[in-house]
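Reader: I should like to learn how to read a structure of this kind. May we go through it feature by feature?

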Amino acid sequence: MTVALMWEARAAEGRGAELLEWARARAAELAREPLRAELLRAPQDRVLVLTWWVAGYDDELPELPEPEAGLISRPVHRWRFESLGPAVG
């Protein structure tokens, strides 16, 4: 089974670039290397990290930590999904 982890945070005012680099560095430091990882950004200085793992849905997996409070404007959102394969094709 493939499991996808989503980690999403919104930067504190004026700290979007710093949060993006923080997330990039933390993703590179995960205890294991995921099958795939992507770093995305969106308006309002939001940063999203997606990682895919060969694992059971409830398995313990390395996740990005919570950034220091001054770097984010609200708590991190986290979601876990089971991959069902390509949506098209």
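**Reading the sheet and three of its residues**

Author: Let us begin with glutamate 8, which, apart from its neighbours within four places in sequence, is in contact with Arg46, Val47, Leu48, Arg74, Val76, His77 and Trp79. Please bear in mind throughout that this is a predicted model.

Reader: Where does glutamate 8 lie, and is glutamate 8 buried or exposed?

Author: Glutamate 8 belongs to strand β1. A residue is called buried when its relative accessible area is under 20%; glutamate 8 has 9% and therefore counts as buried. Its side chain makes a polar contact, at 2.6 Å, with the side chain of arginine 74, a residue that also appears among the contacts of glutamate 8.

Reader: How should I read the sheet, and in what order do its strands stand?

Author: As a general idea, the strands of a sheet pair through backbone hydrogen bonds, in either a parallel or an antiparallel manner. Here the sheet is open, has four strands in the order β2-β3-β1-β4, and shows antiparallel pairing. Strands β2 (36–42) and β4 (77–82) form the edges, each pairing on one side only. From one strand to the next, the twist averages 15 degrees.

Reader: How many bridges join strand β1 to strand β3?

Author: Nine bridges join β1, residues 2–10, to β3, residues 46–54, and the two strands run antiparallel. To follow one such pairing, take leucine 5, whose bridge partner in β3 is threonine 51.

Reader: What surrounds threonine 51?

Author: Beyond its neighbours within four places in sequence, threonine 51 is in contact with Val3, Ala4, Leu5, Leu30, Pro34, Arg36 and Ala37. Leucine 5 is thus both its bridge partner and one of these contacts. The relative accessible area of threonine 51 is 4%, so this residue is buried. Its side chain also makes a polar contact with that of tryptophan 53, at 2.9 Å.

Reader: Which residues are in contact with arginine 10, and what is its accessibility?

Author: Arginine 10 lies in strand β1. With neighbours within four places in sequence left aside, its contacts are Leu19, Gln44, Asp45, Arg46, Leu71, Ile72, Ser73 and Arg74. Partly exposed residues fall between the limits of 20% and 50%; at 31% relative accessibility, arginine 10 is therefore partly exposed.

Reader: What separates arginine 10 and glutamine 44 in sequence and in space?

Author: They stand 34 residues apart along the chain, while their C-alpha atoms are separated by 7.1 Å. The side chain of arginine 10 reaches the backbone oxygen of glutamine 44 at 3.3 Å.

Conventions. Residues numbered from 1 in each chain as written. Predicted model: local features only at pLDDT ≥ 70, side-chain atom pairs only at ≥ 80, totals over all residues. Heavy atoms only, no water. Pairing = 2+ DSSP bridges. Axes fitted to C-alpha atoms, helices over the stretch in contact; angles between N-to-C directions. Buried < 20%, exposed > 50% of the residue type's maximum accessible area, 1.4 Å probe, protein only. Polar contact = N/O pair within 3.5 Å; in protein donor to acceptor, adjacent residues only side chain to side chain. Contact = heavy atoms within 4.5 Å.
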